[in-house]
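Reader: I would like to go through the labels attached to this model one at a time, and to hear the reasoning behind each of them.

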Amino acid sequence: MAIAQQQTSPQVAPGAGDKSWHGIVLQTLKRNEISLVPYVPDRVLTPLISNLHADPFFTTFATAREEEAVGIVSGAWMGGRRGAVLMQTSGFATLANVLASLAVPYQIPLIMFVSERGTLGEFNYGQSLVCRTMRPVLDSLALEHHTITRLDELEFITDRSIKQAVTTQAPVALILNPLLTGGKTFDK
């Protein structure tokens, strides 16, 4: 529990020297000129969201639904601005239509960061079901996706995935596994 709390709480102020998972993601987004980050609130992503809000480089705001965030980032891309969407696994379950009818056919390099629920001690059957179906849905849409479990791989996978998405104009999902983030803690 102490390890999970340590990994999910901000360890140092956002900046170049931040070696937490959320600090690495923030710096990688900045380096790749991704400045628009709509999200659906999620406890696991809270340290990243807080640091994005604190950095004036980013325009960061909550949306009501994941499809709304995808639409905002898609419109921004068409207007010349890069963006990424933050969500959790259950929110991904709502995206098949918007991915298949907007992001894929219109070649939007949508960067999705998905905090993974439904595994490693999950208590909610709905989360588990969505977790088991998320990767097959991504595969059926021929979308690149990577599950990141280790801090030492995070920057490389994130940076290269963003570059590939922009170059090929195709969406990518970066699934942030609880082994990386510490996951959601389940208080009794």
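Reader: What makes Ala142 count as exposed rather than buried?

Author: The model is a predicted one, and in it Ala142 has a relative accessible area of 68%. Exposed means over 50%, so Ala142 is called exposed on the strength of that value. Ala142 sits in the loop between helix H7 (125-140) and strand S5 (144-148), and its phi is positive, at about 55 degrees, although Ala142 is not a glycine.

Reader: Why is Gln169 called partly exposed?

Author: The relative accessibility of Gln169 is 33%, and the intermediate class lies between the cut-offs of 20% and 50%, so Gln169 counts as partly exposed. Gln169 belongs to the loop between H8 and S6, and, although not a glycine, Gln169 has a positive phi of about 50 degrees.

Reader: How do you know that S6 is largely enclosed by the rest of the structure?

Author: Five of the five residues of S6 are buried, which is why the strand is described as largely enclosed. Val172, Leu174 and Leu176 point one way from S6, whereas Ala173 and Ile175 point the other way. In a regular strand the side chains alternate between the two faces of the sheet.

Reader: What makes S4 and S5 partners of S6?

Author: Two strands pair if at least two bridges are found between them. S4 and S6 have five bridges, in the parallel sense, and Phe113 stands opposite Leu174 of S6. S5 and S6 also pair in the parallel sense over five bridges, with Thr147 having Ile175 in S6 as its bridge partner. Together, S5, H8 and S6 make a right-handed β-α-β unit.

Reader: Which residues touch the most other members of the largest nonpolar core?

Author: That core has 27 residues, and those that touch the most other members are Leu29, Leu86, Ile111 and Phe113. Among the elements that each supply at least two residues are helix H2 (21-31), strand S1 (34-39), strand S3 (82-88), strand S4 (111-115) and helix H8 (151-168). Leaving aside residues up to four places away in sequence, Ile111 touches Ile34, Gly83, Ala84, Val85, Ile162, Ala165, Val172 and Leu174. Apart from the largest core lies another core, of 20 residues, among them Ile108, Met134, Leu141 and Ile175.

Reader: How does the reach of helix H4 compare with the span expected at 1.5 Å a residue?

Author: Helix H4 (residues 66-78) has 13 residues and reaches 19 Å from its first C-alpha to its last, which is close to the expected 18 Å. Just after H4, Gly80 takes a positive phi of about 95 degrees.

Reader: Why are the buried residues of H4 said to line one face of the helix?

Author: The buried residues are Glu66, Ala69, Val70, Val73, Ser74 and Ala76. Seen down the axis of H4, they fall within an arc of 160 degrees, so they line one face. What covers them includes S1, S3, helix H5 (89-92) and helix H6 (96-103).

Reader: What makes Gly91 buried?

Author: Gly91 has a relative accessible area of 4%, and buried means under 20%, so Gly91 is placed in the buried class. Gly91 lies in helix H5, and its C-alpha atom is separated by 7.7 Å from that of Arg65, although these two residues are 26 residues apart along the chain.

Conventions. Residues are numbered from 1 along each chain as its sequence is written. This is a predicted model: local features need pLDDT of at least 70, side-chain atom pairs count only at pLDDT 80 or more; totals for chains, interfaces and linings use all residues. Side-chain values use heavy atoms; hydrogens and water are left out. A nonpolar core is a set of buried Ala, Val, Leu, Ile, Met, Phe, Trp, Tyr and Cys residues joined through side-chain atoms within 4.5 Å. Buried means under 20% relative accessible area, exposed over 50%, partly exposed in between (1.4 Å probe, protein chains only). Helices (H or I, at least four residues) and strands (E, at least two) are DSSP runs, numbered from the N terminus. Contact means heavy atoms within 4.5 Å. A crossover is right-handed if, with the strands pointing away from the viewer, the path from the first strand over the helix to the second runs clockwise. The expected span of a helix is 1.5 Å times one less than its number of residues. The arc is that of the directions from the helix axis to the C-beta atoms.
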